[in-house]
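Take a look at the model below. Then follow the report from the inside of the protein outwards.

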Amino acid sequence: MSKYVVTNPATGVKGSSFPLTTDDEVTDAIGAADRAHSELRGTSVAERAALMQRVADLHTERREHLAELIVREMGKPLEQALGEVDFAADIYSYYATHGEAFLADEPIELLGGEGSAFIRNASLGVLLGIMPWNFPYYQVARFAGPNLVLGNTILLKHASQCPESAAAIEQIFTDAGFPAGAYRNLYASNAQIADIIIPDPRVCGVSLTGSEGAGAAVAEVAGRNLKKVVLELGGSDPFILLSTDNLEEAVDAAVDARLDNSGQSCNAAKRFIVIDGLYDAFLELFTAKITGNVPADPTSPDTTLGPLSSVGAAENLEEQLQRAEAQGATVAARGSRKGAFFSPTVLTGVSPHSDAYREEFFGPVAAIYRVQNEAEAVQVANDIPYGLGSYLFTTDPEQALRVADQIEAGMVFINGSLLDGAELPFGGVKRSGFGRELGRFGIAEFANKKLIRILK
């Protein structure tokens with residue numbers, strides 16, 4: 001029986017099941033992608049960009065249908081689902097608009113000798129993308145968009161609970177006019193990824209967004225086969241509050257940063273590090289505001305907090321909380337669980353010796369830390385294995401940049417949250433992975449930076 005099954009986390013109702021791609025179909029897909037690459041690299045960047053703009057337009061035209069799919073597949077609240085489709089369209093359009101400029105030849109000033117030299121950006125070939133369930137369209141857009149404009153072709157293995165949206169994305173690339181095989185959705189197994197796809201010499205690289213364990217497993221196989229890898233893994237991002245002239249606005253930003261996508265975002269703020277003079281007021285106001293968000297029907301346009309992606313995810317989060325409390329944490333506001341629905345929960349007193357201090361809570365759970373000064377805030381922020389994003393609130397511009405320089409993360413957002421954009425590079429350090437997506441860096445990860453040196 002296929003593991004690619006739609007199970008609505010809000011209702012528990014099982015829907016469509018999709019058969020696994022066979023080994024022969026996987027091999028055929030690699031061959032088709034390789035042939036499509038030969039065709040694509042014979043086209044201009046402008047021609048590929050025009051196709052990508054059509055992909056963006058089709059996302060906009062089909063936004064309601066696309067949103068409905070992921071509400072059913074992983075419980076995303078409807079308005080957030082519509083926003084994700086729009087963001088994916090923006091990413092595709094961004095690379096359609098800027099692709100030619102990003103991929104233009106880069107002249108090199110010679111230190112001596114005659115002639116000239118420049119770097120020309122060329123495609124590598126077939127790429128494998130392994131994508132998670134939490135942002136079914138956005139995650140694919142930031143990988144497929146730049147790489148197809150560059151001329152690479154895509155094999156996409158999506159999360160097993162998102163088979164309908166995965167198929168809908170493939171249909172869009174087909175309808176946009178990309179060559180057959182240029183973008184192929186695969187209902188593949190982990191064994192097929194490790195034993196067939198990555199080792200195939202026609203596959204040139206792998207991009208994975210997912211768990212730390214999945215990233216390590218894929219990187220190990222890719223390393224044995226000398227394949228380039230981009231990894232975006234877990235995060236437990238700090239939200240540091242050192243000073244503010246409007247505490248309510250800062251708290252609103254903190255709540256938004258924790259509850260986006262029902263708390264299931266790698267770069268959500270998860271640890272709130274507050275200077276002593278603001279701690280008590282912050283804790284009181286934050287607790288009141290975050291617990292005011294009640295999990296509700298994700299199909300309603302008024303819902304801001306839906307279910308978690310599955311009952312299993314909710315059970316895992318509940319087990320983490322029980323363990324945190326057993327190891328000494330205080331539950332300042334206790335959420336309840338009903339099926340996949342999980343109410344917001346606030347922890348205080350999390351000890352550096354407990355599991356909760358350094359592990360990621362993937363759901364509406366916030367841990368609040370009191371610190372005495374800037375140095376302690378930085379120490380707590382960095383004292384984890386992850387380094388994806390971070391949030392810093394201060395009224396002192398010099399302090400903002402001083403602290404930003406010390407935070408061990410790939411991204412720092414100052415005095416604001418939910419500020420992601422197609423033009424802003426996304427990625428982390430430490431055990432949050434390596435490589436960048438989005439912005440001009442996102443189109444360069446799987447490019448052959450080919451040197452061309454001309455004497456005369």
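## Phe286 and its contacts

This model is predicted. Start with Phe286. Leaving aside neighbours within four places in sequence, Phe286 is in contact with Val251, Ala254 and Val255. Phe272 and Val346 are also on its contact list. Ala366 and Ile368 complete that list.

## Two nonpolar cores

Phe286 belongs to the largest nonpolar core, which has 116 residues. Within this core, Phe286 is among the five residues that touch the most other members. The others in that group are Leu148, Phe173, Leu347 and Ile368. Which helix gives the most to this core? Helix α4, residues 78-102, does, with ten residues.

There is a second core, separate from the largest. This second core has 22 residues, including Leu128, Ile193, Val206 and Val221.

## The whole protein

Now step back to the full chain. The protein has 456 residues, and buried residues make up 56% of them. Its secondary structure comes to 14 helices and 22 strands. The C-alpha atoms fill a box of roughly 70 × 60 × 40 Å, taken along the principal axes.

How does the radius of gyration compare with that of a compact globule? For 456 residues, such a globule would have a value near 23 Å. The protein has 23 Å, so the two agree.

Contacts tell us about the fold as well. Take the contacts between residues at least 6 apart in sequence. Of these, 73% join residues at least 24 apart.

## The largest pocket

The largest pocket has a volume of about 920 Å³. Its lining is made up of 37 residues. Closest to the centre of this pocket are Pro132, Trp133, Gly210, Ser211 and Ala214.

Which elements supply the lining? Helices α7 (190-197), α8 (212-224) and α11 (311-326) each give at least two residues, and so does strand β8 (203-209). The largest share comes from α8, with five residues. By class, the lining of the largest pocket has 19 nonpolar, 14 polar and four charged residues.

## The second largest pocket

The second largest pocket has a volume of about 400 Å³. It is lined by 24 residues. Phe87, Phe135, Asp260, Leu418 and Asp420 are the closest to its centre.

Helices α4 and α5 (138-150) each supply at least two residues of this lining. Helix α4 gives the most, with five residues. Recall that α4 also gives the most to the largest nonpolar core. By class, the lining of the second largest pocket divides into ten nonpolar, seven polar and seven charged residues.

## Val6, a residue in a strand

Val6 is found in strand β1, residues 4-7. Is Val6 buried or exposed? Its relative accessible area is 2%. Buried means under 20%, so Val6 counts as buried.

What does Val6 touch, not counting residues up to four places away in sequence? Its contacts include Val13, Lys14, Gly15 and Ser16. Also among them are Arg72, Glu73, Pro163 and Glu164. For a distance across the model, take Val6 and Tyr92. They are 86 residues apart in sequence and 26 Å apart in space, C-alpha to C-alpha.

## Asn261 and Ser262, residues in a loop

Asn261 is found in the loop between helix α9 (247-259) and strand β11 (269-275). Ser262 has its place in the loop between α9 and β11 too. Look at their backbone angles. Phi of Asn261 is near 60 degrees, a positive value in a residue other than glycine. Phi of Ser262 is near 55 degrees, again positive in a residue other than glycine.

Are these loop residues buried or exposed? Asn261 is buried, with a relative accessible area of 1%. Ser262 is buried, and its relative accessible area is 1%.

## Ala288, a partly exposed residue

Ala288 has its place in helix α10, residues 276-291. Its relative accessibility is 49%. Exposed means over 50% and buried under 20%, so Ala288 counts as partly exposed.

How far apart are the C-alpha atoms of Ala288 and Gly99? They are separated by 46 Å. Along the chain, Ala288 and Gly99 are 189 residues apart.

Definitions and conventions:
Residues numbered from 1 in each chain as written. Predicted model: local features only at pLDDT ≥ 70, side-chain atom pairs only at ≥ 80, totals over all residues. Heavy atoms only, no water. Core = buried A, V, L, I, M, F, W, Y, C linked by side-chain atoms within 4.5 Å. Buried < 20%, exposed > 50% of the residue type's maximum accessible area, 1.4 Å probe, protein only. Helix = DSSP H or I, 4+ residues; strand = E, 2+ residues; numbered from the N terminus. Contact = heavy atoms within 4.5 Å. 1 Å grid on protein atoms, 1.4 Å probe; cavity = no way out; pocket = protein on both sides within 12 Å on 5 of 7 lines; lining within 4 Å. Points joined across faces, edges and corners; volume = space filled by probe spheres on them. Nonpolar A, V, L, I, M, F, W, Y, C, P; charged D, E, K, R; others polar. Rg over C-alpha atoms; globule rule 2.2 N^0.38 Å.
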